[in-house]
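Work through the exercises below with the structure open. Try each task before reading its solution.

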Amino acid sequence: MTYNFAAQREAWAKPPIGGRSVASGALKGWSDEAIRMWTHQTWPRQYGQPSNFDGGYLKHLGIETTLDKTVMDFGCGFGFDSLGYARGGCKVVLADIRLDNLATARRVLMAHDFMPLESRLVTDQHPFFDDPPEVLDVFHCSGVLHHIPYASDILRRASEVLAPDGEIRLMLYTDHLFRTMTKQEPGGIDDDVSQHPAFERYVRGCDAVGYYADWYTPEKLLKRCAGLFDLAEWHYLRPDRGNAVAILRRA
Ligand SMILES: C[S@@+](CC[C@H](N)C(=O)[O-])C[C@H]1O[C@@H](n2cnc3c(N)ncnc32)[C@H](O)[C@@H]1O
């Protein structure tokens with residue numbers, strides 16, 4: 001498959017937030033007060049939609065109940081998950097492939113009187129990001145891993161920066177989402193999803209932007225873990241089970 005990282009980086013100028021794709025750079029000139037008001041209005045749309053995550057997202061990822069940990073929000077977008085962690089006293093390292101997303105997530109945190117520990121610009125080459133300043137308790141990666149064809153390499157990199165008892169928290173697209181979006185069977189777990197005849201339809205059905213989307217089952221995720229991690233939890237979200245939260249711990 002061809003994965004054009006530069007094109008992805010361009011496209012993800014508009015990450016999804018509250019059910020829409022919004023240019024993160026648009027918040028640049030806003031006051032802290034305007035950011036706080038917008039966050040307050042957007043938060044319920046991001047986390048509360050009955051047809052979307054219906055509360056299970058925050059619950060299963062433990063975003064609001066994780067206290068005093070060091071967390072990397074890998075693919076942070078607007079940084080709402082980071083804000084949830086920061087409210088629990090967590091130290092948050094922001095990470096994203098776009099500088100404007102990092103800058104906006106930082107503004108979102110700062111408007112709420114939190115300061116990210118540090119930010120990391122992510123590339124498509126190992127080591128993908130510089131080491132965080134502290135060993136991580138949580139490598140949080142929501143709505144991101146399925147957009148990366150070298151997912152095994154990212155999981156291996158996460159294992160290098162995680163504490164021995166640390167965990168990876170993922171929100172993933174599932175095989176059920178592929179069926180919902182394409183009305184077709186997704187193929188086998190070893191197949192290259194980008195070769196599926198319905199790949200383009202699947203990608204556009206999932207997101208307004210971006211050029212790559214994979215789907216996961218517990219079995220496929222474990223295969224990507226290559227023996228480094230065990231699957232500690234798997235919870236489907238949405239009525240069609242199109243999204244799932246997965247928690248990985250060291251094998
Ligand atoms: C669907 S958004 C999710 C944003 C946020 N995690 C959330 O749940 O709202 C995907 C995010 O992943 C980032 N991203 C896309 N490809 C990536 C890659 N190869 N490595 C790291 N981050 C990536 C995008 O810039 C974007 O911010």
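**Exercise 1: the ligand shell**

Task: Sort the residues of the shell around the ligand by class.

Solution: The shell has nine nonpolar, seven polar and three charged residues. Here Ala, Val, Leu, Ile, Met, Phe, Trp, Tyr, Cys and Pro count as nonpolar, Asp, Glu, Lys and Arg as charged, and the others, Gly among them, as polar. In total, 19 residues surround the ligand (C-beta atom, placed from the backbone, within 6 Å of it). The closest are Trp12, Gly75, Gly77, Ser142 and Gly143.

The model is predicted: local features need pLDDT of at least 70, side-chain atom pairs count only at pLDDT 80 or more, and totals for chains, interfaces and linings use all residues. Residues are numbered from 1 along each chain as its sequence is written.

**Exercise 2: helix 8**

Task: Which residues of helix 8 (residues 199–206) are buried, and where do they lie on the helix?

Solution: First, list them: Phe199, Tyr202 and Cys206 are buried (20 or more other C-beta atoms within 10 Å of their own, C-beta atoms being placed from the backbone). Next, look down the axis of helix 8: these residues fall within an arc of 65° (taken from the directions from the helix axis to the C-beta atoms), so they line one face of the helix. Last, find their partners: they pack against strand 7 and helix 7 (175–182). Helices (H or I, at least four residues) and strands (E, at least two) are DSSP runs, numbered from the N terminus.

**Exercise 3: Val245**

Task: Which residues are in contact with Val245, leaving aside its neighbours within four places in sequence?

Solution: With contact meaning C-beta atoms within 7 Å, Val245 touches Tyr57, His60, Leu61, Leu170, Met171, His235 and Leu237.

Technical notes: Contact = placed C-beta atoms within 7 Å. Buried ≥ 20, exposed ≤ 12 C-beta atoms within 10 Å, placed from the backbone.
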